[in-house]
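Got a minute to poke at a model together? Here it is, followed by a few questions and answers.

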Amino acid sequence: MAASSDTVTPSSLRQAFGNVFSLFILILIGVLAFSIRLFSVIKYESVIHEFDPYFNYRVTQFLTKNGIYDFWNWFDDRTWYPLGRVIGGTVYPGLTLTAGTLWWILNSLNIPLSVETVCVFTAPTFSAFAAWATYLLTKEVKGAGAGLTAAALLAMVPSYISRSVAGSYDNEAVAIFALIFTFYLYIKTLNTGSLFYATLNALAYFYMVCSWGGYTFIINLIPMHALLCIVTGRYSPRLYIAYAPLVILGTLLAALVPVVGFNAVMTSEHFASFLVFLILNVVGLVYYIRGMLTPKMFKVAVTLVVFAGLIVCCAVVAVLIALVASSPTKGWSGRSLSLLDPTYASKYIPIIASVSEHQPPTWPSYFMDINVLAFLVPAGIIACFLPLTDASSFVILYLVTSVYFSGVMVRLMLVLAPAACIMSGIALSSAFDVFTRSIKFASIGKQADAGDTGNDVTQNDVVKPDRNEEPPKEKASRKKKKEKENVEKAPIATKKSERRLLMLPMEASVAAILLLVLLGAFYVVHCVWAAAEAYSAPSIVLTSQSHDGLHVFDDFREAYAWLSHNTDVDDKVASWWDYGYQTTAMANRTVIVDNNTWNNTHIATVGTAMSSPEKAAWEIFNSLDVKYVLVVFGGLVGYPSDDINKFLWMVRIGGGVFPHIKEPDYLRDGQYRIDSMATPTMLNCLMYKLSYYRFVETDGKGFDRVRRTEIGKKHFKLTHFEEVFTTHHWMVRIYKLKSPKNRMRGKTKKSKSKPTSTSSKRSATRKKNPWQ
């Protein structure tokens, strides 16, 4: 009993201590991931950020108030007037259902948090979950050390922080966790061949489908990896178990999401998974037949199977081509085509190209968002090839595809961040392993050399017996024994030589570890700065630092509060689509367009109105029952994301539907100008007038601080619109449509009796109706 305990205790104790220590580190990583995202609440307040999160917050409010069934059947008549929008069938419900469930659980536990508070802290909470999922995924690839390092890197990476700070209540808040966790379960199934993990993988994919449209990345990346394994001769039953349930069960579950529906089997984004599924079945059948037949019969059977498989695959491809041939985009969505062809959106869909996060990133943005990880990723790729496994090949493929997509669209830097963290974690873990092993062996080697010298001296002093006196049988047995010992010592000597080849001098190892620690410290400082300064400010509350202190610009909430308190509930507000969600959520007023951008014609109508002269714009807005027009102007305070800077996109989108709007009419020699050299079309359009009305009264010159020039047309009056409210810093301006003059409903019949002199005077002085 004592002997068995002596043999078991050291290893088990070391393993138990390692597990407890890893758990403690994971808890600290989760706390770090949550706390580093709270700068926005500490510096400002607990408020929803950006534009899209306000729609998600409004939908969550409706869900918690009215229940799940009313949510699925909710028709929102306050958006896209007069069309409206079916919310349950056009929204990815994962984020809303997650936050609503958290709110219900907390209130069931008598923790009375408001819906807004739960929404604000949903993203930081799931960032901790994403870090833990990264640990699990990297652990399956390269061990626990690499997993802990990757989780710590992901907890702080700026690219992920930018979309998961407290208040950033957008789909990516939960989608990145779902993405990483789905990949982990796929690798886990690939390593174990367990149907249990395969089923969990399909459920995780279903949660990803509910959460974000980026689920198409998963359903294309995993088939690419399965095909790579088949082509490189790495097929196994574990690959079949990992892939087949995901495609079948995952597709059936995805079709249950109303916003996806039959798109799960009818669009080109999903066809690759079905084609690879057929190929995988053919390959699996070939491997099964090979185990049952003789080599000669196997060749005949393979010929038949491959021939039948090619016929089936060609038939499936023909059916798929027939399904998508009628579509002008061949079954691809506009965003998918923009990823495959970066010039597609700018040519054909300006509404997609107009979004800033759909633009390609610059090189400095890589250093800003992933920082030193960009230099560690190549080392991680090399480490994944030593040795190359199914799991490490998947991580390499994930990195390569995410690098390409992030180069096309800056928003997809968010998808690159987990891959960069995983590769960097593998690189750092491997590097620390080499350096610490070098230090350990260097110290052990010195002790061993000293011991070997003493042993040699002792052995030489021993008096050796005369071999001639030994009998022949003993000589032969001793010779065989020596040969056996040499054979057994050969692999040990080989391992020692390999370790010595991987060893570095102790001084170099210590210096390298210090450099890696300094590199990590620089990464931590950069991440904390990005979280505190670059990504913590909510777009709805702006700040500016000057010589006389901090200035806070709260003009957006000021404008929405004015609309809420000074307009009727049924009034319609027109603005560019960027501000639709905020207007509906904060002012509770009906908007014409919003950030969903599902109807390009409706958005083009608003863009045409903004690009038209005042009278024509009035007629367009009046036909839509618009009563107020909201514009964002940054020329006084230097706010660059105003409507004047977005105006050319309004022209392009409007001109794409209404040909009389032509972009060259607003440009002077190809340049966009608002000064005295601006074109008459530009100076007389509604957007120019609503932005610069009375602007000259601010400084007497009309100097625009964003465009850094004096405006061209300074003194003008509005004939069809009247200014009703301008915020304190002139960032938001609200105008009201003037009422039309009384119209003549029809020609009055001439009276038989002669009109009196009074009536004749009135008819003579009556003005002609200009709207007839």
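**Surface patch, sheet and core**

Q: Is I111 buried, partly exposed or exposed in this predicted model?
A: Buried would need under 20% relative accessible area, and exposed over 50%. I111 comes in at 35% relative accessibility, so the label for I111 is partly exposed.

Q: Which residues form a nonpolar patch on the surface with I111, and what is their accessible area together?
A: I111 itself is placed in the loop between α6 (94–108) and α7 (115–142). The patch joins I111 with W104, I105, L109 and L113, and together they have an accessible area of about 480 Å².

Q: Which strands are at the edges of the open sheet of 5 strands?
A: Pairing in this sheet is mixed, and the order reads β6-β5-β7-β13-β12. An edge strand here pairs on one side only, and that picks out β6 (590–591) and β12 (721–726).

Q: What is the bridge partner of F721 in β13?
A: β12 and β13 (residues 732–737) run antiparallel, with 5 bridges joining them. Leaving out residues up to four places away in sequence, F721 touches several residues of the chain, including Y735, K736, L737 and K738. Of these, the bridge partner in β13 is L737.

Q: Which helix gives the largest share of the largest nonpolar core?
A: That core has 185 residues, and F183, F556, F621, V629 and F721 touch the most other members. F721 also touches F621 and V629 directly. The largest share is 14 residues, and they come from residues 172–192, helix α10.

Technical notes:
Residues numbered from 1 in each chain as written. Predicted model: local features only at pLDDT ≥ 70, side-chain atom pairs only at ≥ 80, totals over all residues. Heavy atoms only, no water. Core = buried A, V, L, I, M, F, W, Y, C linked by side-chain atoms within 4.5 Å. Buried < 20%, exposed > 50% of the residue type's maximum accessible area, 1.4 Å probe, protein only. Helix = DSSP H or I, 4+ residues; strand = E, 2+ residues; numbered from the N terminus. Contact = heavy atoms within 4.5 Å. Patch = residues over 30% accessible without salt bridge, like charges linked within 9 Å, V, L, I, M, F, W, Y side chains within 5 Å. Areas by Shrake-Rupley, 256 points an atom, 1.4 Å probe, with all protein chains shown as cover. Salt bridge = Lys/Arg side-chain N within 4 Å of Asp/Glu carboxyl O. Pairing = 2+ DSSP bridges.
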